[in-house]
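Okay, thanks for having me. Let me put the model on the screen and then walk you through it.

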Amino acid sequence: MAKITKKIKRIKVDADKCNGCRGCEMVCAGFHSVPKYSVINPARSRIKIVRHPTSDIWLPVFAGEYTAAECMGRETYIIDGKEYSDCDFCRAACPARDRFKEPDSGLPLRCDMCESDPPLEVPKCVEWCISDVLTYEEVEEEADESVEMEDVEFGLASMVDKYGWEKMKDAFSRMQLKD
């Protein structure tokens with residue numbers, strides 16, 4: 001496989017500075033609502049603030065890729081009287097939990113760095129972070145050339161995982177007949 005140089009966008013998190021204001025959750029939810037900023041529902045945010053009581057820190061966690069399989073993590077921890085599981089700090093949207101899933105449809109959410117037209121200089125969560133917890137950077141890395149799924153393919157793959165290929169084919173057939 002050929003090597004290419006890719007521009008990687010990433011958000012660095014300095015958890016030592018986070019005060020748990022949740023402004024990043026609010027602006028993310030508003031930016032991704034349709035139409036933009038019409039609804040501010042943190043359940044639709046692609047970033048979640050998780051409190052880690054043993055260190056008394058607030059940790060921003062960004063939505064990652066969808067995974068069709070559940071992981072093997074089943075341990076439960078009780079910290080300061082609150083119960084935590086292995087997946088409390090996980091970035092993946094998976095069948096085991098509702099975090100990073102669109103509340104109405106159940107489709108997985110993932111951080112898209114606020115891609116829009118026209119492009120933003122930095123993601124909204126970084127722009128609105130008053131404590132400089134989140135910083136945006138672009139770096140170049142060498143990677144294997146590959147074909148990445150587009151958002152539509154990403155959504156369809158999760159629907160196939162949820163409903164099965166046969167139900168999806170039937171639905172597409174019915175939709176095609178309507179045209």
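**A walk through the model**

So, overall, the protein chain has 4 helices and 6 strands; helices here are DSSP runs of H or I with at least four residues, strands are runs of E with at least two, and both are numbered from the N terminus. Before I go on, this is a predicted model, where local features need pLDDT of at least 70 and side-chain atom pairs count only at pLDDT 80 or more, while totals for chains, interfaces and linings use all residues. Residues are numbered from 1 along each chain as its sequence is written, and side-chain values use heavy atoms, with hydrogens and water left out.

Going along the sequence, the pattern reads β-α-β-β-β-β-α-β-α-α. The C-alpha trace spans about 55 × 40 × 40 Å along its principal axes. If we take contacts (heavy atoms within 4.5 Å) between residues at least 6 apart in sequence, 63% of them join residues at least 24 apart. Of the 179 residues, 29% are buried, and by buried I mean under 20% relative accessible area, with exposed being over 50% and partly exposed in between, using a 1.4 Å probe and protein chains only.

Now, the inside. What sits in the largest nonpolar core? A core here is a set of buried Ala, Val, Leu, Ile, Met, Phe, Trp, Tyr and Cys residues joined through side-chain atoms within 4.5 Å. This one has 13 residues, and I11, C24, I47, F62, C125 and L134 touch the most other members. Helix α1, strand β2 and helix α2 each put in at least two residues. There's also a second, separate core of 7 residues, with V50, V61, A63 and F154 among them. Back to C125 for a second: setting aside neighbours within four places in sequence, C125 contacts I11, C24, V27, F62 and L134.

With cysteines around, how many disulfides are there? The count is 0, taking a disulfide as a pair of cysteine sulfur atoms within 2.5 Å. Look at C28 and C114: the sulfur of C114 has its closest cysteine sulfur in C28, at 5.9 Å, so that's too far for a bond. C28 is buried, at 7% relative accessible area, and C114 is buried at 7% too.

C114 has another quirk: a positive phi of about 55°, although it isn't a glycine. C114 sits in the loop between β5 (82–85) and α2 (124–128). That loop also holds P118, and the D117 to P118 peptide bond is cis, with omega about 5°. The other cis bond I want to show runs from V34 to P35, with omega near -10°; P35 is in the loop between α1 (23–31) and β2 (47–52). And R22, another non-glycine, has a positive phi near 70°. R22 is in the loop between β1 and α1 and is partly exposed, at 30%.

Last stop, the surface. The chain exposes about 11,900 Å², and carbon and sulfur atoms supply 53% of that; areas come from the Shrake-Rupley method with a 1.4 Å probe, and for residues only the protein chains shown count as cover. V152, L156, F172 and M175 make a nonpolar patch of about 380 Å². Helices α3 (151–163) and α4 (165–178) are the elements giving two or more residues to that patch. F172, in α4, is partly exposed at 38%. Patch residues have over 30% relative accessible area and no salt bridge, with like charges joined within 9 Å and nonpolar side chains (Val, Leu, Ile, Met, Phe, Trp, Tyr) within 5 Å; a salt bridge is a Lys or Arg side-chain nitrogen within 4 Å of an Asp or Glu carboxyl oxygen.
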